[in-house]
Amino acid sequence: MTAVTVRVPAKVNLQLAVGPVRGDGYHDLVNVFHAVALFDEVTVREARPRAERPLVGLSVSGDLGPHLARVPLDDTNLAARAARLVARETPAAAPVDLHLHKRIPVAGGMAGGSADAAGALVACNTFWSAGLSQGDLLALAAELGSDVAFPLVGGTAVGTGRGEVLTPVDSPGRYHWVFALAEGGLSTPDVFAEYDRLRPGAPAPEGDPELMAALAAGDAARLGAALSNDLEPAAVSLRPDLAGVLDTGRAAGALGALVSGSGPTCAFLAASAAGAVEIAAVLDASGRCAATVTTEGHAGRAEVVAPVAGR
Ligand SMILES: C[C@@](CO)(OP(=O)(O)O)[C@H](O)COP(=O)(O)OP(=O)(O)OC[C@H]1O[C@@H](n2ccc(N)nc2=O)[C@H](O)[C@@H]1O
Ligand SMILES: Nc1ncnc2c1ncn2[C@@H]1O[C@H](COP(=O)(O)OP(=O)(O)O)[C@@H](O)[C@H]1O
C-alpha cells in the first residue's frame, strides 16, 4: 500500500451540560455529539527519501486562509501525536508523511484537531496493518483528548465522563445546518475557566429527555427548541460579538441556534436545505461573521476513502 486517505467529520454539540471542575482539572459532561458533513482528509504515505526521515513528517493544506497558519506543524500536532501512538503499538512501523487537508475551522469548537487525530489513528492503523481493533483505537483516542473518540463513532452519540465514554444515539433525522465561522478562535481551557468563574458550584450534568425525544422522532423543530450549551455564556463573555451572530441567525428563521462547543463558531438548525441557504445569506450580508458553511448532519464516522495498493 502506498497511501491511505481517511475522511473525518466535524462535530457540533446538540447538548453540552457541564458539571463542576474535577480534581484532575477536567469537567464531567453530558455531551451530545453530532457529526456534520464538513470533512478534513488525512493522508498517510511512505515518507519521501530525505536526509533525515522523522517517524512522522507533517504537512497541511486547505482553504482556511489565516486559520491554516494556526495549525501546529511540530510534535504538538494532534494528528502527528496520534500517528506516533499507533507506531508505539506497531514496532515495525516505517516512517510516514502525514498530510492534513483541512476544511474544519481551527480552534472553532468543531473539533478539527480531534478529527485529524481520529483520522490519523484510522489511516495509520490501515497503512501499517497494525491490526488495532475499534476498542484499541477508542482507548488511544482517549489518551489524546476528550473529543478524539467521537469521530471514530460518528453519527450522533452521547459522551459522558469528560466526553470520551460514548453511547451511540439512533436518530432517523437528516438535519440542515448553517455554521457561522469567526475571525480568530477561542481556547477551550479558557472557555472552561470562564465557565467556572461565571458558574461556581455548578450541579452535576444531566441529559435532556426532550432533546433525546426530538432526536428519536427526527423532529427538527423540536430539536431546534431543545439545543443547549452550558459553555455558551462563557464563550459569549469572552467574545461578546457572538450574541449578535446568534440573534441574526435566529431572526433569519433558524429553528435553533447555539455556540458550537467552546466556540466561537455558531451553529443554526434550519427547516430545509433552502432555509439553510437563506439563513447563510442573511449572516453573510450582516458582516457579523467571517464566513458561513451550509451542510447536513448527521454524517458518518472516520472512514478510509482512498487506499492505494501496490508499490
Ligand atoms: C468543549 C468541547 C465539547 O465537545 O469541544 P471543543 O469546543 O474544544 O471542540 C470538548 O469538551 C473539548 O474537548 P477537547 O478539545 O478534546 O479537550 P481536551 O484536549 O481533552 O482538554 C483540553 C482542556 O479543556 C478542558 N476540558 C476539556 C474537556 C472536559 N471534559 N473538561 C475540561 O475542563 C480542560 O481545561 C483541558 O485541559
Ligand atoms: N491537527 C490540528 N488541527 C488544528 N488544530 C490543532 C491540530 N493539532 C493541534 N492543534 C491545536 O489545537 C487547538 C484547538 O484546535 P481545534 O481542535 O481545531 O479546535 P477546538 O478544540 O475548538 O474544536 C488549535 O488552536 C491548535 O493549536
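The exercises below concern the surroundings of two ligands in a predicted model. Local features need pLDDT of at least 70 and side-chain atom pairs count only at pLDDT 80 or more, while totals for chains, interfaces and linings use all residues. Residues are numbered from 1 along each chain as its sequence is written, and chains are lettered from A and ligands numbered from 1 in the order in which they are written.

**Exercise 1.** Determine which residues and elements surround ligand 1.

*Solution.*
Step 1. A residue is near a molecule if its C-beta atom, placed from the backbone, lies within 6 Å of it. The shell of ligand 1 holds 20 residues, and among the closest are Gly-145, Arg-162 and Ser-262.
Step 2. Helices (H or I, at least four residues) and strands (E, at least two) are DSSP runs, numbered from the N terminus. At least two shell residues come from each of β1 (3-21), β2 (27-46) and α5 (188-198).

**Exercise 2.** State how the shell around ligand 2 is composed by class.

*Solution.*
Step 1. Ala, Val, Leu, Ile, Met, Phe, Trp, Tyr, Cys and Pro count as nonpolar, Asp, Glu, Lys and Arg as charged, and the others, Gly among them, as polar.
Step 2. Nine nonpolar, ten polar and two charged residues form this shell.
Step 3. Helix α2 gives the most to it, namely four residues.

**Exercise 3.** Why does ligand 2 lie between domain 1 and domain 2?

*Solution.*
Step 1. The domain bounds come from an automatic or database domain assignment.
Step 2. Ligand 2 lies between domain 1 (3-169) and domain 2 (175-297) because both give residues to its shell.
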